[in-house]
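Let's walk through this model together, from its overall make-up to a few spots in the backbone. Keep the viewer open as you read.

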Amino acid sequence: MSFPPYYGISFTPTTHHTIPPSLLPTPTTLRAPSIAVVTGAGKGLGYHISLAFARAGCTGLSISSRTSSDLSTLRTHLLQINPDLDILTTVTDTQSDDSVSALAAAVRQKWGRVDTVIANAGIISAYVRSSSALSDGQTNLPVGLIEDGDWARVLDVNLLGTWRVARAFLPLLSETKDGAQTLVVCTSLAAHSVDSAITPIAYNVSKMACNRLVEHVDSDHRGKDGVHAYALHPGAVVTPQTQGHRGGVWDEVAAGRILGDDEGLAGAWCVWLSGEKRGWLSGRYVSCGWDVEELEAKREEIEERDLLKFRMVV
């Protein structure tokens, strides 16, 4: 399956599906102290992002999700990688203002700073059986606007949940002047999509809005507060939410022809984005499949043409 050029898949001539040597986290990648927060850490991408920070020498790591047993498993794995890692484990529901505020308060109380926040918690629409799918003998297919009734939940988790996390942690990020002051929002290639053949519309819309949210954080808080924000496409990976879908293009997914990226690639990119402040890239969409050296070579072009942002073409 091919995608149009405006999806940005080949923005750099070289693209990666596994972690290249230049991005492999090492115990000295991050300077000390380095405190990171990862939401939605219990499964999938958040789990692997957390592992990347442990490998990169992070001194303190806040992991949160809605399921304590998942966090317990992750904590054990993290300490196997870095026995000295200081870990804060918190059951957090990003659909709740109070829950997210409590998470930020716990991080402030424990460390008094935060260097990096990864707003990773997200969901995809429930896949209902459409009448057209049933007539073709197919099941679990994405559905169009009329039949996708999961909008409120998807927007609340993906967009409002991300906003809650950003709002709760911006004060602490702003105060940590000697740190990375990095906010990474996990967006998706689906933000560019106007077709529900792979991902439902509610998901696509929520991720597009997250890109604009990142632009606002950069505009309002980089110059004034020093906070840098990035909208990261974490790669095309199989997640617990999508691994069982079949039918249509999802047969290609099952065969590994679409969702074939390394789960660890996003984590390596999150560490790279936290390694230093890159004002030229802040407020923009980035993809973990891009080659970072080739991306840095395009810095002047990116700044001059104000690339990698959502704009109407006229």
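Helices (H or I, at least four residues) and strands (E, at least two) are DSSP runs, numbered from the N terminus. With that in hand, you can place His221, which lies in helix α6.

Before going further, a word on the ground rules. This is a predicted model, so local features need pLDDT of at least 70 and side-chain atom pairs count only at pLDDT 80 or more, while totals for chains, interfaces and linings use all residues. Residues are numbered from 1 along each chain as its sequence is written, and side-chain values use heavy atoms, with hydrogens and water left out.

Now the overall picture. The protein chain holds 10 helices and seven strands. Of its 314 residues, 55% count as buried; buried means under 20% relative accessible area, exposed means over 50%, and partly exposed lies in between (1.4 Å probe, protein chains only). Contact, in what follows, means heavy atoms within 4.5 Å. Among the contacts in the protein chain with a separation of 6 or more, 76% are between residues 24 or more positions apart.

Back to α6, which covers residues 201–225. The expected span of a helix is 1.5 Å times one less than its number of residues. For the 25 residues of α6 that gives 36 Å, and the end C-alpha atoms are 35 Å apart, which agrees. There is a bend of about 30° in α6 at Asp218, where the bend at a residue is the angle between axes fitted to the seven residues ending there and the seven starting there. His221 counts as buried because its relative accessibility is 19%. Not counting residues up to four places away in sequence, His221 touches Leu170, Gly226 and Val227. Gly226 itself comes just after α6 and takes a positive phi of about 85°.

Helix α5 makes a good companion to look at next. α5 has 25 residues and reaches 35 Å from its first C-alpha to its last, close to the 36 Å expected at 1.5 Å a residue. α5 has a kink of about 45° at Phe169, shortly before the proline Pro171. In the loop between α4 (131–135) and α5 you will find Asp150. At 12% relative accessibility, Asp150 counts as buried. Asp150 and Ile201 sit 51 residues apart in sequence, and their C-alpha atoms are 9.8 Å apart in space.

What lies on the other side of α5? Gln181 is in the loop between α5 (151–175) and β5 (182–186). Gln181 has a positive phi of about 50° although it is not a glycine, and it is buried, with a relative accessible area of 1%. Asp306 also has a positive phi, near 50°, in a residue other than glycine. Asp306 belongs to the segment after α10 (299–305) and is partly exposed, with a relative accessible area of 31%. Another backbone detail is the cis peptide bond from Ala32 to Pro33, with omega near -5°; Pro33 is placed in the segment before β1 (35–39).

Two further buried residues are worth a visit. Val286 is in strand β7 (residues 284–287) and counts as buried at 0% relative accessibility. Leaving aside neighbours within four places in sequence, Val286 is in contact with Ala231, Leu232, His233, Trp269 and Leu281. The C-alpha atoms of Val286 and Ser188 are separated by 9.6 Å, though these residues are 98 residues apart along the chain. Thr92 is in the loop between β3 (86–91) and α3 (97–111), and its 5% relative accessibility makes it count as buried. With neighbours within four places in sequence again left aside, Thr92 is in contact with Ser64, Ser65, Arg66, Ser99, Val100 and Leu103.

Finally, let's turn to a pocket. On a 1 Å grid over the protein atoms alone, a pocket is an open set of points where a 1.4 Å probe fits, with protein on both sides within 12 Å along at least five of seven lines; lining residues have an atom within 4 Å of a point. The second largest pocket has a volume of about 590 Å³. Of the 25 residues that line the second largest pocket, the closest to its centre are Tyr6, His192, Lys309, Phe310 and Arg311. Helix α6 gives the most to this lining, with five residues.

How values were computed
Grid points are joined across faces, edges and corners, and a volume is the space filled by probe spheres set on the points.
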